[in-house]
Amino acid sequence: MDTGTRKILAVGAHPDDVEFMCSGTLFLLRRLGYEVHVATLGNGDCGTAEHSREEISRIRRREAVSACQVLGAVHNCADLSDLTIFNDDATNRRTTALLRGIDPWMVLTHPPADYLADHETTSLLVRNACFYGPVRNYDTSSFGPAPATSRIPYLFYAQPLGGADMFGRRVIPEFYVDISDCLEQKEMMLASHESQRAWLRAHHGVDEYLDSMRRWSQELGREASRAAGRPMACAEAFRQHRGHAYPEDNILAHLLPDRVILEPRYQ
Ligand SMILES: [Zn+2]
C-alpha cells in the first residue's frame with residue numbers, strides 16, 4: 001500500500017472531538033506510515049467559563065497543536081466560532097478549501113446524527129466537501145488557492161459521543177477497531193487539552209475528561225468483544241459513507257485486518 005502519497009484527514013467540530021472519536025485508529029494508521037491531518041472547523045471559543053473568546057481560542061489552538069504532536073499529525077483549523085457552524089454556501093466553500101489544501105485519501109468525521117448540532121453540521125459539511133473537492137468549477141479561491149482534489153476520498157463516520165442519537169437510541173456501528181494498546185497514547189493526546197480537563201475537573205471534582213474517554217472506549221471494547229467472541233479492552237467504532245461516487249470497499253478493514261471486527265447486527 002502506498003503510504004507516501006495517501007493522506008488521512010480527521011475532522012471534528014471542536015478541538016478535542018477527534019481525540020474522543022477516533023484518535024486510537026489514527027495512531028494505528030500512523031504506525032502503518034500514513035500522513036495524518038487533524039482539522040477542526042470551530043476554534044473552541046465557547047469552551048470556557050473564565051476566558052474571553054479570543055483568549056480561549058488562542059489557548060485551545062496551542063493545545064490542539066500539542067495534541068497533534070503526540071500523534072505526529074498536522075493540525076488545521078477553519079477558525080469558525082463554536083455553535084455557529086452552519087450549512088451555508090460560504091461554510092461549504094471554506095470546508096472544501098480545507099480539504100483541497102490536503103487532498104486526503106481517507107476522511108473520518110462525526111456521524112450525521114449526534115447530540116450537538118455543530119457535530120451534525122460538521123458531518124454534513126465534510127461529506128459535501130469530499131464530493132465538491134474534485135469539482136473544478138466549484139470556486140473556493142476566496143479561502144485560498146488550493147486546486148481541486150484528485151478524488152472523492154473514503155469517508156467514515158465515528159460513533160456519536162456516548163453511542164446514542166438525540167432520541168437516546170443506541171447507534172449500531174458497522175464495525176469496531178481494536179485500540180486496546182493505543183489507550184495510553186489516546187490519553188496523552190487528550191490530556192494536551194489542559195483547559196478542558198481543568199474545567200471539568202473543577203466542575204466534577206474528578207478527572208472526568210480522561211475518565212469519560214476511558215469509559216467510552218471500554219464500553220465500545222465490550223461491544224466489540226461480543227461481536228468478536230473474544231475479549232477486547234478498548235475499541236472505537238465506525239460506519240462508512242457509501243453514497244453514489246464514494247469508494248465503497250471497507251479500506252480500514254483491509255489496512256487493519258487483525259483489528260477490525262464487523263458488527264453482525266449491521267449486516
Ligand atoms: Zn464537539
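## Close-up views of a predicted model

**View 1. Strands 1 and 2, side by side.** Leucine 9 sits opposite histidine 37 in strand 2. Keep in mind for this view and the others that the model is predicted. The two strands, strand 1 and strand 2, pair in the parallel sense, with six bridges between them. To get from strand 1 to strand 2 the chain goes through helix 1, and this β-α-β crossover is right-handed. Strand 2 is mostly covered, with seven of its eight residues buried.

**View 2. Zooming in on histidine 37.** This histidine belongs to strand 2. Is histidine 37 buried or exposed? Histidine 37 counts as buried, because it has 21 C-beta neighbours inside 10 Å and the cut-off for buried is 20 or more. Setting aside neighbours within four places in sequence, histidine 37 is in contact with Lys7, Leu9, Ala73, Val74, Asn76, Ile102 and Pro104. Alanine 117 is a different story: it is 80 residues from histidine 37 in sequence, and the two C-alpha atoms are 23 Å apart in space.

**View 3. Strands 2 and 3, with helix 2 lying across them.** On to the next pair: strand 2 (residues 35–42) and strand 3 (residues 74–80) are parallel and share five bridges. Two facing pairs are handy landmarks here. Threonine 40 stands opposite cysteine 77 in strand 3, and glycine 42 stands opposite leucine 80 in strand 3. The chain travels from strand 2 to strand 3 by way of helix 2 (residues 53–71), in a β-α-β crossover that is right-handed. Helix 2 lies across both strand 2 and strand 3, and it runs at about 155 degrees to strand 3.

**View 4. Two aspartates with positive phi.** Here's some background for this one. Most residues other than glycine have a negative phi. Aspartate 16 goes the other way, with a positive phi of about 100 degrees although it is not a glycine. You'll find aspartate 16 in the loop between strand 1 and helix 1 (17–31). With 25 C-beta neighbours inside 10 Å, aspartate 16 counts as buried. Where is aspartate 79? Aspartate 79 lies in strand 3. Its phi is positive too, near 60 degrees. Aspartate 79 has 13 C-beta neighbours inside 10 Å, so it counts as partly exposed.

**View 5. The open sheet, edge to edge.** How many strands make up the open sheet? There are eight, in the order 3-2-1-4-5-7-6-8, and the pairing is mixed. Why do strand 3 and strand 8 each have one side left without a neighbour in the sheet? Strand 3 and strand 8 (260–262) stand at the edges with a single partner strand each, so one side of each has no neighbour in the sheet. On average, neighbouring strands of this sheet are turned by 25 degrees against each other, ignoring direction. For an antiparallel pair, look at strand 6 and strand 7 (residues 235–240), which are joined over four bridges. There, phenylalanine 175 faces a second phenylalanine, residue 238 in strand 7.

**View 6. Helix 4, against strands and against helix 3.** Helix 4 lies across strand 1 (7–12), strand 2, strand 4 (106–109) and strand 5. Against strand 4, helix 4 runs at about 165 degrees. What angle do helix 3 and helix 4 make where they cross? The axes of helix 3 (residues 89–102) and helix 4 (residues 117–132) cross at roughly 65 degrees and come within 8 Å. The crossing is right-handed. Helix 3 brings Thr91, Asn92, Thr95, Thr96 and Leu99 to the contact, while helix 4 brings Leu125, Val126, Asn128, Ala129, Cys130 and Tyr132. Sorted by type, the residues of this contact are six nonpolar, five polar and no charged.

**View 7. Valine 171 in its loop.** Valine 171 lies in the loop between strand 5 (154–158) and strand 6 (175–178). Having 17 C-beta neighbours inside 10 Å, valine 171 counts as partly exposed. Leaving out neighbours within four places in sequence, the contacts of valine 171 are Pro111, Gln159, Pro160, Gly163, Ala164 and Asp165. Arginine 239 is 68 residues away from valine 171 along the chain, with 10.0 Å between their C-alpha atoms.

Technical notes
Residues numbered from 1 in each chain as written. Predicted model: local features only at pLDDT ≥ 70, side-chain atom pairs only at ≥ 80, totals over all residues. Axes fitted to C-alpha atoms, helices over the stretch in contact; angles between N-to-C directions. Left-handed = near helix turned anticlockwise from the far one by under 90°. Contact = placed C-beta atoms within 7 Å. Nonpolar A, V, L, I, M, F, W, Y, C, P; charged D, E, K, R; others polar. Pairing = 2+ DSSP bridges. Right-handed = clockwise from strand over helix to strand, strands pointing away. Buried ≥ 20, exposed ≤ 12 C-beta atoms within 10 Å, placed from the backbone.
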